[in-house]
Amino acid sequence: TQISPKEGWQVYSSAQDPDGRCICTVVAPEQNLCSRDAKSRQLRQLLEKVQNMSQSIEVLNLRTQRDFQYVLKMETQMKGLKAKFRQIEDDRKELKEKMDELLPLIPVLEQYKTDAKLITQFKEEIRNLSAVLTGIQEEIGAYDYDELHQRVLSLETRLRDCMKKLTCGKLMKITGPITVKISGTRFGAWMTDPLASEKNNRVWYMDSYTNNKIVREYKSIADFVSGAESRTYNLPFKWAGTNHVVYNGSLYFNKYQSNIIIKYSFDTGRVLAQRSLEYAGFHNVYPYTWGGFSDIDLMADELGLWAVYATNQNAGNIVISQLNPDTLEVLKSWSTGYPKRSAGESFMICGTLYVTNSHLTGAKVYYSYSTKTSTYEYTDIPFHNQYFHISMLDYNARDRALYAWNNGHQVLFNVTLFHVIKTEDDT
């Protein structure tokens, strides 16, 4: 507001400093010129009001600055809380996924409770027998020896049966590989006999998938690694593929350019049996994804000798046949819906066929078929294809391991099985 200069004073307001604070400017005459004038009182009152307003504005500005800093702080905290809530939500989803994965294990855990009771019962019987034996030592003739002997034999048989049941299980995990040796071409097979005694650790080595008849034998894994051959065998026929198996002292292989299976004895050096696998494709009609005349895959597990192949009658899908190891006669067959040409490799464990989806990097066990229930399921069990190309993958029940030929490397994979002990009531 501006007052006429004739009245001797002027007041200016609504000014602002660089920090944004309000400043009032007053131009007034000397105090003695208007001290007695009524206008001077009004000026003083106006000055007081302006000063009060300036102080109030200053206080308001301080509060505003403080509130602004508080808002900034709260904004930072809110962003932090938002991030935490987002993390909690992600953790909740991850936890839910893990819980969903664990749900199928509940029945298995319930079975383990039953198994634990069974083992506890065995332990109690052993404890009781130990007490009886101790009593016999103290007082010879106080207990009938024949009866005690029969009880020991019965318990031993039950425990042996229990251990046999414990050997089988469902594949859960594959770890490794362990590189045993680097030798040979890109394709080949190496194996041990799953029915050999504990002292017999012979290794057999068959390089390449075609145009070869020479089998090399080593007395042990150590000799195999060092290259100390103990014997070589010149087979009467060339083999096809790399899917051979040694079972109970004999070599089973697919005769080149045929669907004939050969049983060759290492002890006698003679062919003990040969039989055509009816309708089975051969010579790269239904091979694995890598080719190499891998149409017919011979394998063994805890339940016996098997052949895996494909037929036109089953539209090129995998057929599983259990074989008589003496005559090579097909005992029973199962037709699956999985295309043989889409399989990288396969192997049997406890009567279940496990199929990989590739022979290259990123391969995993993708499909399984149970011959016990005649049902299949899709699986997701990865394994490390360290050398990028697998041309042979077979399970050995004695070693509980997978033997593999991985691009000129002979390697071993360990397997983890879920064991379910079944009582007599379950059979």
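# Reading a predicted model, starting from one loop residue

Q: Where is the place of Phe 187?

A: Let's begin with a single residue and place it between its neighbouring elements. Phe 187 sits in the loop between β3 (169-182) and β4. Keep in mind that this is a predicted model.

Q: Which residues does Phe 187 touch, not counting residues up to four places away in sequence?

A: Here we look for partners beyond the immediate stretch of chain. Leaving out residues up to four places away in sequence, Phe 187 touches Asp 207, Ser 208, Tyr 209, Thr 242, Trp 290, His 389, Ser 391 and Trp 405. Take Tyr 209 as an example: Phe 187 and Tyr 209 are 22 residues apart in sequence, with 6.2 Å between their C-alpha atoms in space.

Q: How many helices and strands does the protein have?

A: Good moment to step back to the whole chain. There are 5 helices and 22 strands in the protein. Of its 427 residues, 39% count as buried, where buried means under 20% relative accessible area. For contacts between residues at least 6 apart in sequence, 51% join residues at least 24 apart.

Q: In what order do the 4 strands of the open sheet come?

A: To read a sheet, follow its strands from one edge to the other. The order here is β16-β17-β18-β19, with antiparallel pairing. At the edges are β16 (346-349) and β19 (375-382), each of which pairs on one side only. On average, neighbouring strands of this sheet are turned by 25° against each other, direction ignored.

Q: Over how many bridges do β16 and β17 pair?

A: Now zoom in on one pair of strands. β16 and β17 (residues 352-356) pair over 4 bridges in the antiparallel sense. You can find Phe 347 opposite Tyr 354 in β17.

Q: What volume does the largest cavity have?

A: For a cavity, ask about its volume and then its lining. The count comes to 1 cavity of 30 Å³ or more, and the largest cavity has a volume of about 100 Å³.

Q: Which residues of the lining lie nearest the centre of the largest cavity?

A: Its lining has 13 residues, and those nearest the centre are Met 191, Thr 192, Val 245, Asp 394 and Tyr 395. The elements giving two or more residues to this lining are β4 (188-191), β8 (245-247) and β20 (390-396). β20 gives the most, with 4 residues.

Q: How many residues in the lining of the largest cavity are nonpolar, polar and charged?

A: Sorting a lining by class is a handy last step. In this cavity, the lining has 9 nonpolar, 3 polar and 1 charged residues.

Terms used
Residues numbered from 1 in each chain as written. Predicted model: local features only at pLDDT ≥ 70, side-chain atom pairs only at ≥ 80, totals over all residues. Heavy atoms only, no water. 1 Å grid on protein atoms, 1.4 Å probe; cavity = no way out; pocket = protein on both sides within 12 Å on 5 of 7 lines; lining within 4 Å. Points joined across faces, edges and corners; volume = space filled by probe spheres on them. Nonpolar A, V, L, I, M, F, W, Y, C, P; charged D, E, K, R; others polar. Pairing = 2+ DSSP bridges. Axes fitted to C-alpha atoms, helices over the stretch in contact; angles between N-to-C directions. Buried < 20%, exposed > 50% of the residue type's maximum accessible area, 1.4 Å probe, protein only. Contact = heavy atoms within 4.5 Å.
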